[in-house]
Structures are given as C-alpha cells and as structure tokens.
Amino acid sequence: MTYQPATISHDLRNLPSLPGWVTSGRAETLETVAFRSGAALTVLDGLVSDPGHRVPVKLLANRLALSAATATSKLEGRLAREADIRDAYHLAPPGEARGPDGDLLAFWREAAQMRLTGRDWQAALGGLTGPDPVAEADNSLKGGVARARTHGPLAACVSVMCAVLEADDRAERIACLLSDIVLARTLGWPSLLPITARRLTKAMLRDLVAEGQGAGLAIQVRILESIEETIRLARNLAPRGAALQAIAPKLRAKGSEAAVAVFLSEDAVAPSTMLSPMIQSTTIQMTDRAARRFCDRLVELGVACELTGRPAFRLYGILP
C-alpha cells in the first residue's frame with residue numbers, strides 16, 4: 001500500500017492569532033510596547049495553555065531552546081551556527097563531552113524542562129546557574145515579578161537582565177534565563193519557554209548596563225518581536241504535529257506510536273540513539289535499521305524532513 005503525502009488538516013483559523021494592529025510597524029514608546037505586548041502575550045498564552053489548540057509544547061520549547069542557544073552563543077562571543085550547535089548536542093557519543101556548543105544547548109533544554117511549580121524549583125535553577133549566584137538570582141526574580149505587576153512583563157524582563165549583568169557582565173545566558181523565568185511566572189506557566197534571548201545583541205546588553213538612553217526600550221521591542229515569532233512558530237507546529245498524529249495509526253512499525261511521540265517532543269531525532277536500541281522514554285525496542293526506515297518513511301509521507309543533508313549521522317524532525 002502507498003500513502004500520499006500528508007495534508008495539514010488542522011484548521012489554522014481556529015488558532016488564536018495576532019491582530020494586525022499588533023504587528024503593524026509604528027514608532028515605539030514604552031506605552032505602545034506595553035500595550036502591544038499585552039495582546040501578544042494573551043495570544044501566546046492561549047496557544048500553549050489550551051490543549052485544544054494541539055500545539056506540541058515540548059517540541060516548541062526544544063525548538064526555542066536551539067534558537068536561544070544560537071543567540072546566546074553570539075552574546076558570549078562564539079558565533080556558533082544553529083546546525084553546529086545541534087550537531088554538537090545530538091551527535092556526541094554517549095558519555096563523551098559535547099563541547100561548549102553542545103553544553104549551551106543542553107543548558108537551554110534543561111531550562112525548558114525545569115518545573116516552576118512546587119518548592120524545589122530553585123534547586124533546579126541552582127543546577128543551571130551554579131550554587132554561588134543562586135541567592136542573587138532569587139532576589140532578582142522576586143524583584144522582577146514585583147516589577148511585572150506595576151510596569152508589565154517586558155519591563156520586568158529588562159529589570160532582571162540589568163540586575164544580573166550589573167553583577168557580572170559576562171552572565172548573558174543567566175540574565176536571559178532569569179528573564180524567561182520572570183515571563184513564565186508572570187503568565188502562570190508551569191515551565192518556561194526560551195524566548196527573550198533570541199533577538200538580543202551584545203551591544204544592547206552593554207548599553208543596558210551603561211544606562212544608555214533608550215536601551216531598555218530597545219530590548220523590550222526585541223523581546224516583543226521574539227514573542228511574535230514564537231506565536232507564528234506555535235501556529236505552524238500545531239497543524240504539522242496534527243498531520244503527524246493523523247498518519248501514526250497507518251504506520252506498521254512496532255513502536256510507531258511511541259516513536260511519533262518522540263518526534264512531537266524533540267526538535268531533532270537521531271534514530272541510532274533516540275529510537276534505537278530502545279525508543280526514548282520507553283521500554284520498547286527498535287533496531288537501528290528499523291529506526292532509520294521509520295524516519296525515512298515519515299519523510300516519504302511528507303510529515304518530517306532530514307535536517308543535515310548528510311548521508312550518515314542523520315537527524316530528522318517535523319517540517320519547519
């Protein structure tokens with residue numbers, strides 16, 4: 001039996017979207033950014049909080065983690081490409097060092113998996129920031145959440161970034177991490193999405209610490225743009241994830257449903273490690289050959305693509 005490439009049936013018209021007045025170009029002020037960001041965050045919150053919209057939130061978070069790793073690599077002066085960062089993380093042999101690029105992606109993936117509810121999340125934060133900065137981080141977060149109540153979420157993001165960078169001007173990734181935590185806690189999310197780093201530059205952060213004129217506003221504008229990009233990404237992933245789920249019952253490979261679940265949570269899937277010899281997070285076995293054939297079958301069906309262009313050491317993912 002042959003299958004036609006999957007069509008995207010999930011109706012985008014049913015998904016929350018940004019009104020035109022949010023995305024239209026205009027001269028920015030703190031007031032207009034606060035107003036527009038309120039609308040944008042309402043849309044994003046609706047997309048990721050309502051299961052009925054079928055946004056694969058884990059996949060969204062991991063895709064944003066890769067983007068945040070690429071952005072913070074630039075902020076830290078390494079300028080690694082997205083593909084190189086992805087390779088460093090996914091293709092390092094088990095038990096061997098991933099290198100700085102792979103470790104940076106691991107940092108953002110672990111951040112996105114951190115639960116912000118309960119009493120123990122500060123311990124998880126300490127695992128990312130190190131034990132020394134954790135007390136300062138806690139104070140910065142409390143100040144940021146308080147500022148969000150009076151000045152809005154984006155002003156709070158900028159405030160916590162500034163507090164971290166004034167203490168250590170090389171702590172860009174921690175500044176962006178705490179900014180994302182403030183945003184998530186303001187919205188009542190159980191975990192964060194790596195959003196705020198994606199469009200920032202080193203010059204912007206330097207101006208912020210130096211109290212340059214308009215520096216805070218410039219960063220708020222960039223964070224707003226990143227929120228808008230995240231909305232577009234979520235709206236794009238929802239129908240693509242739905243298309244993959246629709247063809248899952250037609251796949252004959254043993255463990256196909258579990259393997260599809262991996263694709264719905266991972267930005268990049270390495271068949272030889274994430275599907276074989278055992279499907280990730282399961283006890284279901286799959287041979288290396290079966291894993292590769294399964295991934296190639298998803299490409300044939302039009303619901304996935306190969307990400308590297310290489311004949312070996314391939315990575316697969318849901319269509320971008």
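Residues are classed here as nonpolar (Ala, Val, Leu, Ile, Met, Phe, Trp, Tyr, Cys and Pro), charged (Asp, Glu, Lys and Arg) or polar (the others, Gly among them). The structure is a predicted model, in which local features need pLDDT of at least 70 and side-chain atom pairs count only at pLDDT 80 or more, whereas totals for chains, interfaces and linings use all residues. Residues are numbered from 1 along each chain as its sequence is written, and side-chain values use heavy atoms, with hydrogens and water left out.

The mean pLDDT (the predictor's confidence in each residue, from 0 to 100) of the chain is 89, and 92% of its residues reach 70 or more. Among the helices (DSSP runs of H or I, at least four residues, numbered from the N terminus), confidence in the chain is highest in helix 3, at 98, and lowest in helix 7 (residues 134–151), at a mean of 72. Over residues 1–9 the pLDDT is below 50, and this stretch has 15 contacts beyond near neighbours in sequence in the model, contact meaning heavy atoms within 4.5 Å. Where pLDDT is low, the predicted coordinates should not be read in detail.

A pocket is an open set of points on a 1 Å grid over the protein atoms alone, where a 1.4 Å probe fits, with protein on both sides within 12 Å along at least five of seven lines; lining residues have an atom within 4 Å of a point. The largest pocket has a volume (the space filled by probe spheres set on the points, which are joined across faces, edges and corners) of about 840 Å³. Its lining comprises 33 residues, with Asn 62, Arg 109, Gln 113, Ser 265 and Glu 266 lying nearest the centre, and divides into 16 nonpolar, 11 polar and 6 charged residues. Helix 3 provides the largest share of this lining, 4 residues, while helices supplying at least two residues each include helix 2 (30–49), helix 5 (99–113) and helix 12 (256–263).

Two local backbone features lie in loops. A cis peptide bond, with omega about 0°, joins Ser 276 and Pro 277, and Pro 277 is placed in the loop between helix 13 and helix 14 (288–300). Leu 79, in the loop between helix 3 and helix 4, has a positive phi near 60° in a residue other than glycine.
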